[in-house]
Amino acid sequence: MLGDISFKRIDQEKDALIRAARKIWENPESGYNEFIASDVCADLLEEAGFEVERGCGGLPTALRAQWGSGSPVIGLLGEFDALPGLSQKDVCSREPAEEGGWGHGCGHCLMCPSDIGALIGLRDEMREKNLKGTVVFYACPAEETVGGKGAMAAGGAFKELDIALCWHPGKFNRSSYSLLTGANSQIFRFYGKSSHAACDPHLGRSALDGVELMDVAANYLREHVPPDVRIHYCITDGGSAPNVVPDYAAVKYTFRSFDINTMADVERRLHNIARGAAMMTDTRVEIERLGGCYPVLNNHVVADVVDASMRAIPMEPWSEEDIAYARSLNETIPGEWKASVALSQSAPDTQLHVGVMDVDRDNDYGSSDLGDVSHMCPSCFYKGACFPIGANYHSWQVTAVAGMDIGFKSMINGARMTALTVLRFLTEPELVCRAKEEFDRTMEGKRYEAMVPDKREYPERPVKR
């Protein structure tokens, strides 16, 4: 039966995968600083006999490993960065491991070990059955800054892929047709002339006035953009004292849309607004692009294969202890828990999702840098049940489960889902052709060019003492 050999090897590697995930969970790191996580994943791959490319795409913590040869080339994309302020012990009440510290409130600690488990299992099955094709694992930094995969793409990554798969822990087992918005972030820096605000205001040129006029005009812009556009901003520097006309002020903008061409038009109009604000205040504006990501284009053919694979694999069962633990966490968020139970049409006392939900068709106004890869090849972003059913992404409740048995069971389920999906594409080449045909239709009128930051500086690896 397709997948049996892969599943058997994944089970054999379970303890090693759990140790890796736990170590990443215990050492949460910010984007581009995932040096411990990168080493953990590289060591796991090398111990399993894979050659590892470190610094893939020019990013110090990114990794690449592969098995097989020829076409199709299937990519497994993992992530491993954490989030600020979400440090949490694996207990059922709010108890940070480090006050104000980082934590895996999105479950990224599980993603790379899950993909590595799938890769190891696939190697055994491809050998045994003499299957043609190549499976490539990428460990991708800095997803939470929605820029890591784009930076890797600018450095040459992902161009080889025919299909890209990205398993992510979530509330439900669910494949997706959904669009996710792209995101683009920029800083607008205004430069004026300082003066005494009471004695010599006529001699000053207020950079803060430039920022405020830009913000007012951007808010008027909201009436004249498509309904999927989102524009957010915060003033990062507004001067130091009210009696000094500020000669410097800055505002950071992030704007989103489901369509990359719409994003480009919003960028053009914001730049015009900024230049107009500078002209009105007799100041000067400089614009720094911080990078961003493209909208996620989930490929329906790939999503259907993922959905079928989810329904075919053996799932790790939730124990009584797992359910009790999740219940304690859900009780900290009763409103969200009841809403999620209703959404999933589960029994009223459900604590952890069981089964597979219908493919998600609702668009998501969040963003993921998988969007860049989805503009390069057919891709799918799919989720595995892991979180207490009431928990939100980027919450301490997620951190609490990501480092214990619930998270580890989800990780193993994810490895099986991914392995079986890859095997379907390796053994049914017509599916790859159909996915590519859909991709070509979707990309008509679009082109991909990575939104890399104006300044690309990455942390250096810490010196071991």
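These legends walk through four close-up views of a predicted model. In this model, local features need pLDDT of at least 70 and side-chain atom pairs count only at pLDDT 80 or more, while totals for chains, interfaces and linings use all residues. Residues are numbered from 1 along each chain as its sequence is written, and side-chain values use heavy atoms, with hydrogens and water left out.

**View 1. An open sheet of 4 strands, in the order β8-β9-β7-β10.** Strands here are DSSP E runs of at least two residues and helices are H or I runs of at least four, numbered from the N terminus. Two strands pair if DSSP finds at least two bridges between them. The pairing in this sheet is antiparallel, and its edge strands, β8 (230–237) and β10 (284–293), each pair on one side only. From one strand to the next, the twist averages 20 degrees. Look for β7 (residues 182–191) beside β9 (residues 248–257): 10 bridges join them, and Ser-185 has Thr-254 of β9 as its bridge partner.

**View 2. Helices α6 and α7 pack on the sheet.** Contact means heavy atoms within 4.5 Å. Angles run from 0 to 180 degrees between N-to-C directions, with axes fitted to C-alpha atoms (for helices, over the stretch in contact). Helix α6 (residues 207–221) touches β7, β8 and β9, and its direction makes about 20 degrees with that of β9. Helix α7 (residues 260–281) touches β7, β8, β9 and β10, at about 10 degrees to the direction of β7.

**View 3. Helix α9 crosses helix α13.** The axes of α9 (residues 320–330) and α13 (residues 405–427) come within 10 Å and cross at roughly 115 degrees. On the α9 side you will find Asp-322, Tyr-325 and Ala-326; α13 brings Asp-405, Ile-406 and Lys-409.

**View 4. Salt bridges link distant parts of the chain.** A salt bridge is a side-chain nitrogen of Lys or Arg within 4 Å of a carboxyl oxygen of Asp or Glu; the count here comes to 28. Arg-174 and Asp-360 meet at 3.9 Å, N to O. Arg-174 lies in the loop between β5 and β6 and Asp-360 in the loop between α10 and α11, so this pair ties together parts 186 residues apart in sequence. Both residues are buried (under 20% relative accessible area, with a 1.4 Å probe and protein chains only). Glu-316 and Arg-416 meet at 2.8 Å, N to O, and both are buried too. Together with Asp-11 and Lys-14, Glu-316 and Arg-416 are linked in a network of salt bridges.

Key
Buried means under 20% relative accessible area, exposed over 50%, partly exposed in between (1.4 Å probe, protein chains only).
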